[in-house]
Amino acid sequence: MSDQAFMARALQLAEQGLYSVHPNPRVGCVLVRDGRIVGEGWHRMAGTPHAEVHALAAAGELARGATAYVSLEPCSHHGRTPPCAQALVDAGVVRVVAAMQDPNPQVAGRGLELLRSAGIAVQVLEGALQQQALELNRGFVKRMRSGLPWVSAKLAMSLDGRTAMASGESQWITGPAARADVQRLRARSSVVVSGADTVLLDDARLTVRAGQLELPEVQKQLALQRPPMRVLVDGRGRVPFDCAFYREPGAWLAAMRQPLQPLPEQAGLLLLPEREGHVDLHALLLKLAQEHQANEVLVEAGARLAGAFLQAGLLDELVVYMAPKLLGSDARPLFDLPLLRMAQAVDLQIADIRAVGADWRISCRL
């Protein structure tokens with residue numbers, strides 16, 4: 001097998017941490033000696049051993065003289081766990097192939113240099129596998145480079161681009177397969193953000209539901225141990241604190257001022273500046289990234305809040321579920337986005353289209 005094949009396996013292992021390693025990156029490691037895999041590992045949850053440690057434990061003495069294929073540069077600093085680069089040195093690994101350099105300023109090439117200084121041959125791949133590694137940790141990479149999380153907006157619409165009837169009724173536009181897919185989107189996110197309209201109209205909780213989370217059992221149990229923060233943007237205090245959203249753990253209110261009534265015990269408050277009479281969404285994302293180490297933020301909101309994120313240039317991706325239904329011209333649009341000329345149209349790049357049950361999922365990049 002080639003370097004590319006072994007790295008592809010390391011990336012496959014890293015994907016198993018998709019739902020549980022926040023705020024850390026997803027990492028997989030494969031140890032190869034004499035052309036044969038002697039150890040594998042993936043990072044399961046922050047604060048637990050990293051992928052390299054699991055692979056070294058699996059390989060035992062066979063790690064000496066082996067090549068390590070790691071989907072991300074081995075760490076060189078003491079965090080909640082010891083540095084993995086030093087663990088590879090101590091185990092007698094003779095070559096390390098990484099899919100990409102770690103964008104974390106605490107590492108950023110230092111892990112590779114530690115390995116080189118110990119006489120270990122080091123290679124960083126380029127091309128498709130590096131792009132796959134970047135995509136796998138897109139939120140971590142963006143937070144390290146820009147101080148902001150990766151932001152996706154999830155929307156469900158009819159074939160004629162409508163999201164709800166004029167009355168606000170929207171359950172259910174899409175089928176059960178699409179709703180299960182949304183559960184996986186929530187589970188991989190650090191934070192789920194919604195607005196007052198969605199919570200009031202649907203009595204939404206926006207939680208990850210065990211019964212609908214269709215994942216292998218190990219991934220499912222890890223994901224349920226690390227549910228995302230749930231943030232309600234409610235600058236005018238319209239949502240009562242006895243609603244379903246606040247009754248679930250992990251609820252946060254994003255507001256411009258202290259609420260008049262005390263928040264429930266299980267809820268937190270994000271006090272933010274005002275921008276044109278509304279919660280400053282850029283400030284919200286900065287706070288989520290800097291104070292809560294949010295890598296990926298999922299916006300599940302109505303046309304008004306989703307449109308505000310879009311108009312502010314804060315979205316990286318749209319994930320649109322399209323149902324084979326027509327809701328009519330009086331139904332509500334996908335975005336509150338007042339555009340008057342074709343020159344104002346928002347250009348999107350379609351990254352993926354696939355069938356999800358009876359519906360279609362369209363992923364677009366901005």
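Modeller: A cavity is a set of grid points where a 1.4 Å probe fits but cannot get out, and its lining residues have an atom within 4 Å of a point. The structure discussed here is a predicted model.

Biologist: Which elements give two or more residues to the lining of the second largest cavity, and which of them gives the most?

Modeller: About 60 Å³ of space lies in this second largest cavity, and its lining includes Arg-138, Trp-150, Leu-185, Glu-296, Val-297 and Leu-298. Strand E6 (150-158), helix H7 (176-188) and strand E14 (296-299) each give two or more residues to that lining. With three residues, the element that gives the most is E14.

Biologist: Where does the largest cavity lie with respect to domain 1 and domain 2?

Modeller: The largest cavity holds about 90 Å³ of space, and Val-21, His-22, Asn-24, Arg-26 and Asn-295 are, of its 14 lining residues, the closest to its centre. By class, its lining has four nonpolar, seven polar and three charged residues. Because domain 1 (3-134) and domain 2 (147-365) both give residues to this lining, the largest cavity lies between them.

Biologist: Is Glu-52, which UniProt lists for "active site" in an unreviewed entry, buried or exposed?

Modeller: Glu-52 lies in helix H2 (residues 51-59) and, leaving aside neighbours within four places in sequence, is in contact with Cys-29, Val-70, Leu-72, Pro-74, Cys-84 and Leu-88. A residue counts as buried when its relative accessible area is under 20%. Because the relative accessibility of Glu-52 is 3%, this residue counts as buried.

Key: Residues are numbered from 1 along each chain as its sequence is written. This is a predicted model: local features need pLDDT of at least 70, side-chain atom pairs count only at pLDDT 80 or more; totals for chains, interfaces and linings use all residues. Side-chain values use heavy atoms; hydrogens and water are left out. Helices (H or I, at least four residues) and strands (E, at least two) are DSSP runs, numbered from the N terminus. Buried means under 20% relative accessible area, exposed over 50%, partly exposed in between (1.4 Å probe, protein chains only). Contact means heavy atoms within 4.5 Å. On a 1 Å grid over the protein atoms alone, a cavity is a set of points where a 1.4 Å probe fits but cannot get out, and a pocket is an open set with protein on both sides within 12 Å along at least five of seven lines; lining residues have an atom within 4 Å of a point. Grid points are joined across faces, edges and corners, and a volume is the space filled by probe spheres set on the points. Ala, Val, Leu, Ile, Met, Phe, Trp, Tyr, Cys and Pro count as nonpolar, Asp, Glu, Lys and Arg as charged, and the others, Gly among them, as polar. Domain bounds come from an automatic or database domain assignment.
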